[in-house]
Amino acid sequence: MLSFILTFRRMFRGIWRGLKDTEFQVLFSLALLTIVSGTLFYSRFEDMRWLDALYFSVVTLTTIGYGDFVPTTDIGKVFTIGYVITGVGIMVGFITKVFDHLQQARLEEVRKRNTPPSP
């Protein structure tokens, strides 16, 4: 449990650090906009509760796809095709940027530990 908490803390530290980077800000905004638009669409056109629609949007865009929720209307299926094609790329870019910032933060921590104190 402790390792999960520490990993979660590092992830949020990477996101916080990334908010200073313009490319990260754009990817963060696009990822958030994509998830929100999917949530609104699925709650409206697929009659899902907002939490189920949010869950389905995240599970779909991260390509986990448990299969517990599926679009049932034709418009929902058509939307999902476009949603996956565009959204997966955005999510991969965002997640990659988060891990880049995590790695940079770790490297800085190692450098600080290995740098001798100045006299």
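This note covers one helix pair and the salt bridges of a predicted model.

1. **The helix pair.** Start with α2 and α4. Helix α2 spans residues 22-45, and helix α4 spans residues 74-114. The two pack against each other at an angle of about 150°, and their axes lie 9 Å apart. That angle makes α2 roughly antiparallel to α4, because angles over 145 degrees count as such. The crossing of the two helices is left-handed.

2. **What lines the contact.** Look next at the residues where α2 meets α4. Of these, 16 are nonpolar. Another eight are polar, and two are charged.

3. **Salt bridges overall.** Side chains of opposite charge can pair when their charged atoms come close. This structure holds four salt bridges. Three of them are taken up below, namely R17 with E108, K97 with D21 and E23 with K97.

4. **R17 and E108.** The side chains of R17 and E108 meet in a salt bridge, with N to O at 2.9 Å. R17 sits in helix α1, residues 2-18, while E108 belongs to helix α4. The pair therefore ties together parts that are 91 residues apart in sequence. How accessible are the two partners? R17 is partly exposed, at 23% relative accessibility. E108 is partly exposed too, with a relative accessible area of 34%.

5. **K97 and D21.** K97 of helix α4 forms a salt bridge with D21, which lies in the loop between α1 and α2. Their closest N and O atoms are 3.3 Å apart. In sequence, 76 residues separate them, so this pair links distant parts of the chain. Is K97 buried or exposed? K97 is buried, as its relative accessible area is 15% and the cut-off for burial is under 20%. D21 has 22% relative accessibility and counts as partly exposed.

6. **E23 and K97.** K97 also has a salt bridge with E23. Here the closest N and O atoms are 3.5 Å apart. E23 is in helix α2 and K97 in helix α4, with their positions 74 residues apart in the chain. The bridge thus links distant parts of the chain. E23 is partly exposed, at 47% relative accessibility.

7. **A shared network.** Which residues do the shared partners join? Salt bridges with partners in common connect D21, E23 and K97 into one network. K97 is the residue that pairs with D21 and with E23.

Terms used:
Residues numbered from 1 in each chain as written. Predicted model: local features only at pLDDT ≥ 70, side-chain atom pairs only at ≥ 80, totals over all residues. Heavy atoms only, no water. Axes fitted to C-alpha atoms, helices over the stretch in contact; angles between N-to-C directions. Helix = DSSP H or I, 4+ residues; strand = E, 2+ residues; numbered from the N terminus. Parallel < 35°, antiparallel > 145°, perpendicular 65-115°, else oblique. Left-handed = near helix turned anticlockwise from the far one by under 90°. Nonpolar A, V, L, I, M, F, W, Y, C, P; charged D, E, K, R; others polar. Buried < 20%, exposed > 50% of the residue type's maximum accessible area, 1.4 Å probe, protein only.
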